[in-house]
Amino acid sequence: LKELLFQENINYDEIVKFYFHKNKRWDVHFKDDIVLMLPNQKTSNAIKIYKEFLGNNSLKINTIIDLRVKNRLIVTND
């Protein structure tokens, strides 16, 4: 996962923690309380979608970006 994030130029210093779920998928927690929920397959594609979304949108704190469902990007904000 670290290598995939590096390849997509995601600033590793902004990451607070990683969480690996039993169903073999990752959550990435960033310093600004943004959580990126990645799928257990095609993680690289999901990270690319996240980068594109991030480039076109500004995110507020406490935002969850859920990319677990194929062809869906779900954004929630508390």
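Asp66 is buried, its relative accessible area being 10%. The model described here is a predicted one. Within this model, Asp66 forms a salt bridge with Arg68, and the closest N and O atoms of the pair are 2.6 Å apart. Its partner Arg68 counts as partly exposed, at 40% relative accessibility. The two ends of this bridge therefore fall into separate classes, because buried means under 20% relative accessible area and partly exposed covers the range from there up to 50%.

**Salt bridges**

Side chains of opposite charge can pair when their charged atoms come close. How many salt bridges does a search of the whole structure find? The search finds two. Besides the pair of Asp66 and Arg68, there is a salt bridge between Asp27 and Arg25, with 2.6 Å between the closest N and O atoms. In this second pair, both Asp27 and Arg25 are buried.

**Overall fold**

The chain contains two helices and five strands. Their order along the sequence follows the pattern α-β-β-β-α-β-β. The radius of gyration of the chain is 11 Å, close to the 12 Å given by the globule rule for 78 residues, so the chain is as compact as a globular protein of that length. The C-alpha trace spans about 30 × 25 × 20 Å along its principal axes. Of the 78 residues, 31% count as buried.

**Strand 1**

Two residues of strand 1 may be considered together. Val16 lies in strand 1 and counts as exposed, at 56% relative accessibility. The C-alpha atom of Val16 is separated by 5.6 Å from that of Lys31, although the two residues are 15 residues apart along the chain. Phe18 also belongs to strand 1, but this residue counts as partly exposed, with a relative accessibility of 27%. Between the C-alpha atoms of Phe18 and Lys70 the separation is 21 Å, and these residues lie 52 residues apart along the chain.

**Loops and the negative patch**

Which residues form the negative surface patch? The patch is made of Asp13, Glu14, Asp32 and Asp33. Glu14 is placed in the loop between helix 1 (2-7) and strand 1 (15-20), and at 35% relative accessibility it counts as partly exposed. Asp33 is found in the loop between strand 2 (26-30) and strand 3 (35-37). With a relative accessibility of 44%, Asp33 likewise counts as partly exposed.

Asp33 also deserves attention for its backbone. Most residues other than glycine have a negative phi, and most peptide bonds are trans. The phi of Asp33, however, is near 60°, a positive value in a residue other than glycine. Asn62 has a phi near 60° as well, again a positive value in a residue other than glycine. Asn62 lies in the loop between helix 2 (43-56) and strand 4 (63-66).

The table lists three of the loop residues discussed above.

| Residue | Loop between | Relative accessibility |
|---|---|---|
| Glu14 | helix 1 (2-7) and strand 1 (15-20) | 35%, partly exposed |
| Asp33 | strand 2 (26-30) and strand 3 (35-37) | 44%, partly exposed |
| Asn62 | helix 2 (43-56) and strand 4 (63-66) | 32%, partly exposed |

How values were computed:
Residues are numbered from 1 along each chain as its sequence is written. This is a predicted model: local features need pLDDT of at least 70, side-chain atom pairs count only at pLDDT 80 or more; totals for chains, interfaces and linings use all residues. Side-chain values use heavy atoms; hydrogens and water are left out. Patches are made of residues with over 30% relative accessible area and no salt bridge: like charges are joined within 9 Å, nonpolar side chains (Val, Leu, Ile, Met, Phe, Trp, Tyr) within 5 Å. Accessible areas come from the Shrake-Rupley method with a 1.4 Å probe; for residues, only the protein chains shown count as cover. A salt bridge is a side-chain nitrogen of Lys or Arg within 4 Å of a carboxyl oxygen of Asp or Glu. Lys and Arg count as positive and Asp and Glu as negative; His and the chain ends are not counted. The place of a charge is taken as NZ of Lys, CZ of Arg, CG of Asp or CD of Glu. Helices (H or I, at least four residues) and strands (E, at least two) are DSSP runs, numbered from the N terminus. Buried means under 20% relative accessible area, exposed over 50%, partly exposed in between (1.4 Å probe, protein chains only). The radius of gyration is taken over C-alpha atoms; the globule rule is 2.2 Å times the number of residues to the power 0.38.
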